[in-house]
Amino acid sequence: DDYFRREEDHIYTELPVSLGQAVLGGTAEVLTLDGMVELKIPEGTQTGTRLLIRNRGVQRLGRVGRGHHYVQVTVHVPAPKEMTSRQVELMREFQEEEEKGSYSWFERWSAMIKSSLESLKRGAKIEVTASAEVAKLAAAALAAALAAAAAAAAADRCAAPPQGINLRTENMHACGVLRVTL
C-alpha cells in the first residue's frame, strides 16, 4: 500500500495540510488501520512535523500492546494561480505586515539559536539540515551567540558561561548540516 508504511510495530503516513491549517491550527481526518481518526493540528505546524497517534500501529508480536501511528505533515503552499484574488490580496497584506515588523534573517536566526541554546541546557541535541550556505550562516550566528553568552557570563558572575558545546558544520554536496550537542 502506498499510504501506509510499516517499520516494526509502527505505522507511518503523510498528511498534506493547507497553509491556513498550518498557521492557525485545526483538525484533520487521518486514515488509520482502525479507520478514520480526528487529529489535532497545532498552530504553527511546519512541514516535516511528526504527529503521534498512540497505540494505532500494528499489534506487537508476543507482547501486549500496539505500536504507534506517526503522521508526517506536509504544508501545501499554494501558488498564486491556485488562489482566489481575495486570497492573493490577503497574502500581499500579510507580506507587507510581516516586512514592517519582521526581523532581519540574522535576527531570526539569532532568536532561533538562543531558543536552541536553552534546549541544549536541558540536554537536547540540535541538527539543522539546509543549503550549505544557510548552514554556514547558522554556524556563524551560533558562534556569535555563544561569544555573546560567554561575554555576558563573564560580566555577570551569577551566570555560567556555556561549556562543552560542540559545533560542527559538514558540507555534503549542495547540502550543509549543522550539528550542535551539549
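This briefing covers the strand pairing of the structure and the surroundings of one loop residue. The model is predicted: local features need pLDDT of at least 70, side-chain atom pairs count only at pLDDT 80 or more, and totals for chains, interfaces and linings use all residues. Residues are numbered from 1 along each chain as its sequence is written, and side-chain values use heavy atoms, with hydrogens and water left out.

**Four-stranded sheet**
- Four strands (DSSP runs of E, at least two residues, numbered from the N terminus) form an open sheet in the order 1-2-6-5, and the pairing is mixed.
- Strand 1 (5-7) and strand 5 (50-53) are the edge strands, each pairing on one side only; strands pair if DSSP finds at least two bridges between them.
- From one strand to the next, the twist averages 35 degrees, with axes fitted as lines to C-alpha atoms and angles running from 0 to 180 degrees between N-to-C directions.
- Eight bridges link strand 2 (residues 10-18) and strand 6 (residues 69-76) in the parallel sense.
- Ile-11 has His-69 in strand 6 as its bridge partner.

**Hairpin**
- Strand 3 (residues 26-32) and strand 4 (residues 35-41) run antiparallel and are joined by seven bridges.
- Two residues form the hairpin connection from strand 3 to strand 4.
- Thr-27 has Lys-40 in strand 4 as its bridge partner.

**Asp-9**
- Asp-9 lies in the loop between strand 1 and strand 2.
- Its relative accessible area is 13%, so Asp-9 counts as buried (under 20% relative accessible area, 1.4 Å probe, protein chains only; exposed is over 50%, partly exposed in between).
- The Asp-9 side chain makes a polar contact with the side chain of Arg-60 at 3.2 Å (a pair of N or O atoms within 3.5 Å; within protein, one must be able to donate a hydrogen and the other to accept it, and residues adjacent in sequence count only if both atoms are side-chain atoms).
- Leaving aside residues up to four places away in sequence, Asp-9 touches Gly-57, Val-58, Gln-59, Arg-60, Arg-63, Gly-67 and His-68 (heavy atoms within 4.5 Å).
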